Amino acid sequence: MDVFNSFYGLIPVTIAQSLIVSFVVLGVMLPFRILNFPDLTSEGAFPLGGCVCGTLITAGANPFLACFVALLCGFAAGCTTAFIHLRFRINTLLAGILVMTMLYSINLRIMGRTNIPLFTYDTVFTILAGPSANFPWTKILIVGLLVALVLGAMLYFFMSEKGTAMRAVGASPDMAEAQGIDVGTATIIGVGVASALSATGGSIMVQTQGFADVNMGFGILINGLAALIIGEAITGRQTILRQVLAPVVGSLVYYQLISFCLTLGLAPADLKFATGAFVLLMLALPNLRRSGGGVQIREKIRE
Amino acid sequence: MTTDMLSVKGGTKIFYRGTLDERRALDGLDVALKPGDFCIVIGSNGAGKSSFLNAVSGKLPLDSGQITIDGRDVTRLNAHRRAQFIARVFQDPMIGTAPTMTIGENMLLAELRGKPRSFSYGLTAARRAKYSEQLAELNLGLEKRLDMQVGLLSGGQRQSLSLVMAVSTRPKLLLLDEHTAALDPRTAKLVMDTTVRAVEALQLTTLMVTHNMEHAIKYGNRIIMMDAGKVLVEIGQEEKNGITVADLVERFHTKSDAIALQGG
């Protein structure tokens, strides 16, 4: 059948894309699940990483250096969100929206225009793979290795003495403080690292798609959340290994689903609605099941 | 003369200062504990017991006054910095442990309380063996369940775990904030017995807040009665022997009535 043929044909491209976005999903998971700090900064950090990387590459910088600077900028954005929340006691979601909104202007200022094409420039992929840089499997290999590296590092960190302390901050802030853990610093660093991951995803994305665009982050957070929820449904969350694997597994599955829906004839215009409806359903499901028990709405949001 | 393990001088904390709701949580509180003292803190609701403990732990910064632990001025130290001297068991079993983490991880967090934490692997085999040994003393079987999530334990088990986590590091000061109040009587007794064993074996300087007058008489070597953010009555070791619940209640009421009559 035609539909399935075109879906199969798209699988490698979709895998490459989902591996890149899995950085963002990791950046969504870390504050949400590890730090209990619902955070929206990713939505701004992802294009920030793309814009910084794109601008630096067109200015003649080494693509690896461009990615690293993008990562640092993302880190700064995340730290800002956490700082706004901790210092001024502003709700984490609002703090994230503030930073995200301000980042839009910053991204425009960095690029000087809304879109930078990168087709003619060297990227991380052309440096590593030469002429085969544009094959999907090349991208899958390179990004896949990077994702594996990040997963390994995260897994090791969260089982280290420092990482255990960071997880305690999300699990029980009072307990963490009583055990001598600096809750504020751990939160700032954790949210910073999360946004750094999202920005790294953005910097890789612009190099594979061949352009940087100021609007490229629109809706990425909900995509990331949807992927995270799917991933957690598959891997579970009982151990730190499962929790860290969930974003990548979820991203891989989610983008294949999207691709499948699109080949089946879902209009791209309806995609965001469908994704939003899906996330809403998944979040609402536990509450729908125990209906009749009275309204017992307890948001899991501190402050 | 030995230095006091804990000394609070003129501890004052006022909420909503300068408004109609102004409330003196601590009002020139003076307390000194010698090393090894097991001091029971009693008083009615709002007397300042929790504020006292929170002020000592650093959770509630004082408006004025001074706090020293083992001779070191900690008045300006944050709660997480004071944790190197202080271990605490909360009233709510849910607060004192990290529910989504395993028993072993919780023990690890406690072992490194107030110490530098490194990037090296946390739950090493040596540590697991040590934790098993420490938990075995509880006789709850927790030593075989190091990889179990703490959230799956009962309130009593969690509180017992909290206690082991608190005392295993031999803190200079142990704070017990009505730590058996949320438990059923049988479990409460179990946790209390474990507490006393640990405090005596390790000679820990301890502050225990309780509403239970029987506990106040039975345990510890000193009693502090608080009212309106101050120490109302102090009962030392000699006086404490042979005192009854009725005596305690009577002394408490006579004193606070006297103050009420003075218009204080």
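This is a walk through a predicted model with chains A and B, stop by stop, with something to select at each one.

**Stop 1: the whole complex**

Start with everything on screen and colour by confidence. The predictor scores the complex with an ipTM of 0.88 and a pTM of 0.90. Now select chain B: its mean pLDDT is 90, and 95% of its residues reach 70 or more. Where in chain B is confidence lowest, and where is it highest? The low end is helix H10 of chain B (residues 245–262), with a mean of 69, and the high end is helix H4 of chain B (residues 103–111), at 97.

**Stop 2: chain A by itself**

Hide chain B for a moment and show chain A as a cartoon. You should be able to pick out twelve helices and two strands. Going from the N terminus, the order is α-α-α-α-β-α-α-α-α-α-β-α-α-α. Turn chain A around and you'll find that its C-alpha trace spans about 55 × 45 × 35 Å along the principal axes. A compact globule of 303 residues would have a radius of gyration near 19 Å, and chain A agrees, because its own value is 19 Å. Of those 303 residues, 48% count as buried. Take the contacts in chain A between residues at least 6 apart in sequence: 77% of these join residues at least 24 apart.

**Stop 3: H1 against H10**

Select residues 2–34 of chain A, which form helix H1, and residues 220–235, which form helix H10 of chain A. Their axes are 9 Å apart and the packing angle is about 80°. That falls within the 65 to 115 degree range, so H1(A) and H10(A) are roughly perpendicular to each other. Show side chains for A:Val21, A:Val24, A:Val25, A:Val28 and A:Met29 on the H1(A) side. Facing them from H10(A) are A:Ile220, A:Leu221, A:Asn223, A:Gly224, A:Leu225, A:Ala227 and A:Leu228. Colour this contact by class and you get ten nonpolar residues, two polar and no charged ones.

**Stop 4: slide along H1 to A:Val13**

Stay on helix H1 of chain A and centre on A:Val13. Is A:Val13 buried or partly exposed? It has 15 C-beta neighbours inside 10 Å, so it counts as partly exposed. Add A:Phe135 to your selection: this residue is 122 places away along the chain, yet the two C-alpha atoms are separated by 8.7 Å.

**Stop 5: H2 meets H10**

Keep H10(A) on screen and add helix H2 of chain A, residues 42–58. The two axes come within 8 Å and cross at roughly 110°, so H2(A) and H10(A) are also roughly perpendicular. Pick A:Ser42, A:Glu43 and A:Phe46 from H2(A), then A:Ile220, A:Leu221 and A:Gly224 from H10(A), to see the residues making this contact. By class, the contact has three nonpolar, two polar and one charged residues. You've met these H10(A) residues before: A:Ile220, A:Leu221 and A:Gly224 also take part in the contact with H1(A).

**Stop 6: A:Pro117 on a strand**

Next, select strand S1 of chain A, residues 115–117, and zoom in on A:Pro117. With 13 other C-beta atoms within 10 Å, A:Pro117 is partly exposed. What does A:Pro117 touch, leaving out residues up to four places away in sequence? Its partners are A:Gly210 and A:Phe211. Then draw a distance from A:Pro117 to A:Thr55: C-alpha to C-alpha it is 9.7 Å, with their positions 62 residues apart in sequence.

**Stop 7: two positive phi angles**

Most residues other than glycine have a negative phi. Here are two that don't follow suit.

- A:Arg89 has a positive phi of about 55°. Find it in the loop between helix H3 (63–88) and helix H4 (92–111) of chain A. It is exposed, with 9 other C-beta atoms within 10 Å.
- B:Tyr16 has a phi near 50°. Bring chain B back and look in the loop between strand S1 (6–15) and strand S2 (23–33) of chain B. B:Tyr16 is exposed, again with 9 other C-beta atoms within 10 Å.

**Stop 8: where the chains meet**

Finish with both chains showing. The interface brings 19 residues of chain A into contact with 25 residues of chain B. On the chain A side, helix H7 (161–171) and helix H8 (173–178) each supply at least two residues. H7(A) gives the most, with seven residues. Colour the chain A side by class and you'll see eight nonpolar, five polar and six charged residues.

Notes
Residues numbered from 1 in each chain as written. Chains lettered and ligands numbered in written order. Contact = placed C-beta atoms within 7 Å. Helix = DSSP H or I, 4+ residues; strand = E, 2+ residues; numbered from the N terminus. Nonpolar A, V, L, I, M, F, W, Y, C, P; charged D, E, K, R; others polar. pLDDT = per-residue confidence, 0-100. Axes fitted to C-alpha atoms, helices over the stretch in contact; angles between N-to-C directions. Parallel < 35°, antiparallel > 145°, perpendicular 65-115°, else oblique. Rg over C-alpha atoms; globule rule 2.2 N^0.38 Å. Buried ≥ 20, exposed ≤ 12 C-beta atoms within 10 Å, placed from the backbone.
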